[in-house]
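Thanks for coming, everyone. I have one model to walk through today. Let me put it on the screen.

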Amino acid sequence: MERELQVTGASGGVGSVAVAILAARGHEVWAATGKPDEEARLRALGAAGLVERDEVTAESPRPLESARWAGAVDTVGAPTLPYVLRTLRLGAAVASSGNAGGAVLETTVLPFILRGVSLLGMDSANLPIDQRRALWTRIATDLRPAGLDEDGGLGVSEVGLDGLEGAFDAILAAGARGRWVVRVTD
Ligand SMILES: NC(=O)c1ccc[n+]([C@@H]2O[C@H](COP(=O)([O-])OP(=O)(O)OC[C@H]3O[C@@H](n4cnc5c(N)ncnc54)[C@H](OP(=O)(O)O)[C@@H]3O)[C@@H](O)[C@H]2O)c1
């Protein structure tokens with residue numbers, strides 16, 4: 001129980017890959033998701049179990065809660081990042097990569113000054129090309145995600161241009177599962 005990691009927005013594109021990479025590295029990864037029907041796919045990617053979205057979006061009057069997570073990747077922002085900060089273990093870190101649920105961060109300084117936790121920013125858009133190439137090489141080798149070769153593993157599905165509107169609606173309604181590949185020709 002000591003080394004549990006959490007990934008939020010786990011059924012989405014970034015979340016699915018984060019689950020798969022961390023699990024392939026031998027970590028015990030818990031997938032926070034609002035989609036219980038994604039359990040089989042997330043477990044196939046290596047998730048040890050699911051955490052319900054209600055739990056990770058609940059507001060709390062307490063600035064610190066029972067410390068559980070040895071690390072986390074948060075793709076949702078508000079309101080899950082405050083939950084993650086409240087529940088990180090001593091000295092643990094969360095990588096903040098997204099704002100699928102909102103951009104406003106309401107928290108306190110107590111996780112930082114009483115548990116020494118770290119909030120790490122992630123920004124792939126401005127990463128210099130040499131660092132990207134180094135990372136892509138690692139993603140193809142030692143960081144290769146589990147499930148990459150299996151049908152449906154990372155949740156990749158194809159959509160034509162006529163299906164984009166439905167895909168956008170699903171993304172906005174928190175319904176994204178893995179990644180869509182857009183077919184631009186018939
Ligand atoms: N920092 C960077 O470099 C970087 C790079 C790529 C993407 N991003 C950002 O990371 C975030 C995730 O990207 P993605 O491509 O994984 O998105 P996505 O495929 O649309 O997945 C987002 C997931 O977040 C969860 N979610 C929870 N509350 C939500 C809400 N209110 N609205 C929408 N989704 C909600 C859902 O998963 P569950 O049902 O499983 O909770 C959803 O499937 C986005 O904000 C994106 O802009 C950042």
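**A buried threonine, and the sheet around it**

Start at threonine 75. Its relative accessible area is 10%, under the 20% cut-off, so threonine 75 counts as buried. Keep in mind that this is a predicted model.

Where does threonine 75 sit? It is in the loop between β4 and α4. What does threonine 75 touch? Leave out residues up to four places away in sequence, and the list is Thr8, Gly9, Val14, Gly15, Ser97, Gly98, Asn99 and Ala100. With threonine 8 there is a polar pair: a polar side-chain atom of threonine 75 lies 2.9 Å from the backbone oxygen of threonine 8.

Now the sheet. It is open, with six strands. Read across, the order is β3-β2-β1-β4-β5-β6, and the pairing is parallel. Which strands stand at the edges? They are β3, residues 47-52, and β6, residues 118-121. Each has a single partner strand, so one side of each is left without a neighbour in the sheet. On average, neighbouring strands here are turned by 20° against each other, direction ignored.

Next, one pair within that sheet. Strand β1 covers residues 4-8, and β4 covers residues 69-74. They pair in the parallel sense over three bridges. Valine 7 stands opposite valine 73 of β4.

On to the helices. Helix α1, residues 13-24, lies across β1, β2, β3 and β4. Against β1, α1 runs at about 160°. Helix α4, residues 80-87, also packs on the sheet. The strands α4 touches are β1, β4, β5 and β6. The direction of α4 makes about 155° with that of β5.

That brings us to the cores. The largest nonpolar core has 16 residues. Which residues have the most contacts inside it? Val7 and Val19 do. At least two residues of this core come from each of β1, α1, β2 and β4. The largest share is from α1, with five residues.

Stay with valine 7 for a moment. Setting aside neighbours within four places in sequence, valine 7 contacts Gly15, Ala18, Val19, Leu22, Val29, Trp30, Ala31, Ala32 and Val73. Apart from the core of 16 residues lies another core, of 14 residues. Trp30, Val84, Ala92 and Val94 are among its members.

To close, go back to where we began. Threonine 75 is buried, and among its contacts are Thr8 and Gly15. Gly15 is also one of the contacts of valine 7. Over to you for discussion.

Notes
Residues are numbered from 1 along each chain as its sequence is written. This is a predicted model: local features need pLDDT of at least 70, side-chain atom pairs count only at pLDDT 80 or more; totals for chains, interfaces and linings use all residues. Side-chain values use heavy atoms; hydrogens and water are left out. Two strands pair if DSSP finds at least two bridges between them. Helices (H or I, at least four residues) and strands (E, at least two) are DSSP runs, numbered from the N terminus. Axes are lines fitted to C-alpha atoms, for helices over the stretch in contact, and angles run from 0 to 180 degrees between N-to-C directions. Contact means heavy atoms within 4.5 Å. A nonpolar core is a set of buried Ala, Val, Leu, Ile, Met, Phe, Trp, Tyr and Cys residues joined through side-chain atoms within 4.5 Å. Buried means under 20% relative accessible area, exposed over 50%, partly exposed in between (1.4 Å probe, protein chains only). A polar contact is a pair of N or O atoms within 3.5 Å; within protein, one must be able to donate a hydrogen and the other to accept it, and residues adjacent in sequence count only if both atoms are side-chain atoms.
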